[in-house]
Amino acid sequence: MHWTLAVRRIALLVLLVALPAAAKDTVKLAFIGPLTGGNSAIGLGGRNSADLAVTLKNADPKSRYQYELVVLDDECKPDTGVQVATKAGADRSIVAGVTHYCSVVAIATVETFHRLGLPTIVWGAVLPDITYANKYPEIHRVNGTMINQNETAAKLMLKQGFRRWVIIHDTTDYGKGHDKYFTQYATAGGGKILGDFGVTADQQDFTAELTQAKGLNPEVIFFGGLTPLGVRIRAQMDKLGINAQFQGTSGIVSDDFIKGLGPLAEGVVAFREGAPAEKLPGGKFFLEKYAEQKYPNPPEAYGPFAYAAAKLLMDTIDKVGPDRKTVITALAGVKNVDSIVGPITFDDHGQNTVAAITALVVQDGKWVVWEDSEYASGKRKLKGR
Amino acid sequence: MSLRRAGASVLSTAAIAAVTGLLLYAFLAAESERTVGLVLVGAVAAVAAGLRSRVLPRLVGAAGPPAVLVGLGVAGLVLVRVFHDDPFVLLLMARALLVLVACLGLHVQLADAGVPNFAGAAFFGVGGYTAAVLGRGGLPHPLVLLASGAAAAAVGSLLLLPLLRTRGHYAALITIAFGLLFRTFLEVNETLGGPQGLKLGGLQLLGWSFNDDRRLLGVEFSGYAFYCLAAVALALAAVWLVRRVERSWIGVALDAVRLDETAAACFGISIGRWKIAALTIGNALIGVAGGLSAMMVGFIAPNNFTFQESLVLVSILLLGGLGNLAGLAAAALIVIWLPEKLQPIQEYRYLLFSVLVVLVLVLRPTGLIRRSVRRPFGSVAG
Amino acid sequence: MSAPEALLATRGLTRQFGGVVALAGLDLEVRRGELLGLIGPNGSGKTTFFNVLTGLFSPTRGEVLFAGTSLAHATPQAICRAGITRTFQRSRLCLELSIFDNLAIGAHQRLEHGLWFNVLRRAALARQADATAAAARELLQIFDPPLARRLFEPMTGVAMIDRRRVEICRALMSHPRLLLLDEPSAGMTADETTRLMDDILEVRRRFGDLTIVLIEHEMSVIERVTDRCVVLNYGKKLCEGTFAEVSADPEVRRAYLGLT
Amino acid sequence: MGRLGGQRVRQRQAQAERALSAGAGRAVDLLAQYVMNGVMLGLMYALVALGFTLFFGVLDVVQFAHGDVLTAGAFAGLTAYAALVHAGVQSAVPQLLAVVLTATLSMALLGALLGRLLVLPLRGAPPLNVLLATLMGGTALRECIRLFYPGGSQPQRFPALLPTASWSVRRFTLRLDNLLMIVAGVLLVVGLSLVLRRTRLGLAIRAVAQDEETARTMGIDFRRVVLLTFAIGSALAAFAGVMNGLYYNEINFGSGLLLGVIGFSAAVLGGLGSFEGAVLGGFLFAGLQTLGAVALPFASAYKDVFAFTVVILLMTWKPTGLIGERLGERV
């Protein structure tokens, strides 16, 4: 035990003895998300929401510990993700983590968290394999997976009379997952997938793929991927005079998508698990508290989930103490724990089942729930209808 | 060797090892950013004073380079023992040493044979992917590491013909283009996991899994400690190999090819053969380092080896002073550790390194530290 | 004494750079063991002849026979293996390296370059290094004795005149059969040139089977050291013979010395 | 939504027409679309390649920050647009003028600065040092945009300042804005060749390119010509940056690196130093990419892999480019 570590421990002891019960133990909680790059809006929204949960918990006198949020940026890249995950896992003072929006990163860090024994709750990544690929006790997730999302999407679009799709997806598991599940549900309902194109995450020019897609004369271009690519593809569709309807996934449900496209975003359809903040059980409370803190950017689509994950972890630590192993066993027993995104129950894979899938459409520069939109009421028509 | 010389050698080796060990320890253990800064400034000042006052070269001369290598190896072991249960520091040390091995590969190519390789990170990735693919099979892992090196050399051989026929900035373009196309190829192609990358099990050596913690001699060692030891061993072996190659007829031939191909040709030196030798040895070193690094991290993805990462490797080479192994080691440690220890500059590290390299190139075209002449390797001169 | 057979013979050797004809159908012989002077005004093709001979330029037309083998389109490496080495008009030493390294480059042919030998059999390597160092010192004793003691110092510390001498030693390190000297005494004073020529004659005596072709502008030097001379003009052989015959030839006097 | 309505009618017509002439019809209009995409990309690459060729022609150096100068130009243009919008100027024409002028002039200045600070001081050093210094200079420029431009790490939306009318013949769509950009690009290339051939500055640049020593002895102010050449080359890149922004309606800090490598490859394919070579190289590279995308229909992301592989093969066959670099190596 080299002397600096020992000195620090002794100092801590002295502090505790000298100040009876006034200062609570500090417990560190890690938040990992994409804070730079194309998806940083959602990452920052998640961080602010987790920070809100910590602030409210610290303000609550009944809480046994003083919580501190350690914020790490995974840049939505698997290699950076593994690096920061290792840093968080290797840091003994961090007890648990609220981790990842990008599926490509979440799937990469599963092993790292398991190996370093850090209990984590995923707050935004929808790839099923993150929790279902293996039964690691450390890995949990509050938001739903993409399987049910594509089922609802296929039903709704088929009901609108669409039959012919071309799929463009990024080559990550997230993109391929959406390609697989949507094709499965669309063809089951009588639809036809005319072709599908894999593209890389940093590709700039899609005129070649879109020209081929145009040749196949689809009614709908289905895009499985995140906001940056979604914006480029939708914009270049307009350049090539492709008037097909644009259908996206949870990856493009963000204000940046609308900001990036302006008028072109009008009428774009997308689907995601869970509902927008205002429709959630604790939605109103969350939005009020979020507004009070005057964060520079909005909570975005997955902010509530980050808040719920952070709160659940802190409540569990309050109950069983800041030790990773006991927190892991406690999380396994989470049944119907109330939260702002509805009751949380972890199955044996640590997956919380989120029943509600919301269909959304861009109307006048905002994501609007399909049922409340003028597209549902028939006042506005989707492309080619 | 007379008793007096042996005594002097042991003494100076111990001195060098102790000073280096202490400086590294202070840097790694420093908690606050202020101490990190202080330690860095202190270290640079000490080395500069040592060089200017000729104390350092005389010490190294007295010790004899092979002994210095052993001394540094011992310092490495002590550091691993001290940080035995701190995975973050062990990971840092191992990463820096593996980057040093990769830079030694680039050193043989650029500093010795004069062939610039801007796809260093791509070959690092080839080693990693080979380890990922072969690691799962039955092959014993030391062979997997050798295979990683061989694979990197093999992939590198695709570029031999173009690199032999081109010179200067054309050759540079070949490696840059290769780095870009290789990463895109892996990102799009699904067999190797696409952008998702691949996961690797830990290094297994004679049934001993490096991934799990283990009690040894009464002390609890984190898994990363053994990777760190492997990295120290690999780094020492690489420095030993490069020094021996440089202080031999091969080193002379490489210098001739670098400095004046025409004159070298007129004295029977085959330009092709030596460039191939340098590229193959270099890529093999990079590949092995890549393989071990992937096994340690347990994960590899195309994003690990972007053109930006290749530039970082080249920056380390230039900042260390082309042709100077000690400078190279110091630059590798600083470039890898500084951003991790000084959190605020983490975001600015690419900017910082590129500006530093520009300053070095413009202000000191002949390199930070003047390149020393090859010391004789005959028996008489010792 | 029957005419000694030609070590080197060129037939119709031509080299063109676009429109410029540097060598125009040159037929030239160098007899074994002789010291042949190659003279002619600037731009008469002397250095181009050396460059074509050593494979740096492949001939546009013509044949080069050296000890029976054709070297017309051979690589510089093959030509060196055949036993031809040279010095350069503008010195091409590796200044970053030590004197020993530069001479070792000259001796490349005779050194062992296997990876196994160089990395693992260090004792044998050290012995070969000592032998090479001894050979280098022996040559330097002839040409530049003070340098013999500074064998492992960098070339940058060596004066320009001494660098020319090191370059000659480099060409001699591989015990060539044919040595091509391209204006070795350029930039030297009269007595330095005389001493250099004495050193060359000394080496010629020691090496025995050594043929030399010397490009030189100083007529007194040519007269003193050469057995025969060839005069080039505009890439063509103007005339050939001993210095006395050549300097008497009217063609040479008009073209080269400008006398009518 | 009038335009949409009209569009639908024409689409039904098109579908009927297509059913009739399925075979030939299908290929021609798609082919035309590919050619159109290729021309746009080719022009951008040519403008970048011209920069590389100018720098190499004058100083035998490769200025590898050129790709990032392109991105910096686009960001400078975007800043000008934002400033104008803030100042209340709404109509597109003054905005477009401001964007183009700000981009080209600011990058001309930056190009000259790079030449003055990075390239000229390294005249004596080995040629690779210039490539390394400018490569790192480019990295520094890219990082500055990422770190100091507000939200620089995210892709920025570039305004569509050109009219967006378009004509469709079956499935070939020609957009007015693309047409305008192509015309402007071609005019710029022709203009540059006129400057090089007809003006005193052009003569001076070519003289320095041919033989620096003689040019200097003839009284040509070498430094001025070099800095002006760097300014012109960088201005070209800035224009290509604005074109890139207008074409994709988006710019991001990292795109300069790839465009720089593509521009350099194009310049080398055409033979470094040759004006026509750079233009040819640019369109050749775009052609390779399009061919790559068409030839591998469902794996079109391989088009860059395909294009760069061909570049490496071509350089193995002709080490100094198809037309060959003018300056042979002197023994």
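Below, two colleagues discuss a helix pair and a domain pair in a predicted model.

Modeller: Residues are numbered from 1 along each chain as written, with chains lettered from A and ligands numbered from 1 in written order. The model is predicted, so local features need pLDDT of at least 70 and side-chain atom pairs 80 or more, while totals for chains, interfaces and linings use all residues.

Biologist: Why are helix 17 of chain B and helix 5 of chain D called roughly antiparallel?

Modeller: Their axes cross at roughly 150 degrees. Angles over 145 degrees count as roughly antiparallel. Therefore the two helices are roughly antiparallel to each other. Their axes also come within 8 Å. Axes here are lines fitted to C-alpha atoms over the stretch in contact, with angles from 0 to 180 degrees between N-to-C directions.

Biologist: What is the hand of the crossing of helix 17 of chain B and helix 5 of chain D?

Modeller: Left-handed. That term requires the near helix to be turned anticlockwise from the far one by less than a right angle.

Biologist: Which residues make the contact?

Modeller: Among them are B:Y350, B:L351 and B:V358 of helix 17, and D:L132, D:M136 and D:E143 of helix 5. Contact means C-beta atoms, placed from the backbone, within 7 Å. The residues divide into 13 nonpolar, four polar and one charged.

Biologist: How is chain B divided into domains?

Modeller: Into domain 1 (1–82) and domain 2 (86–317). The bounds come from an automatic or database assignment. The domain centres, over C-alpha atoms, are 27 Å apart. Eight residues of domain 1 and 12 of domain 2 form the contact.

Biologist: What gives the most to the side of domain 1 that touches domain 2?

Modeller: Helix 4 (residues 65–82) of chain B, with seven residues.

How values were computed. Helices (H or I, at least four residues) and strands (E, at least two) are DSSP runs, numbered from the N terminus. Angles under 35 degrees count as roughly parallel, over 145 as roughly antiparallel, 65 to 115 as roughly perpendicular and the rest as oblique. Two residues are in contact if their C-beta atoms, placed from the backbone, lie within 7 Å. Ala, Val, Leu, Ile, Met, Phe, Trp, Tyr, Cys and Pro count as nonpolar, Asp, Glu, Lys and Arg as charged, and the others, Gly among them, as polar.
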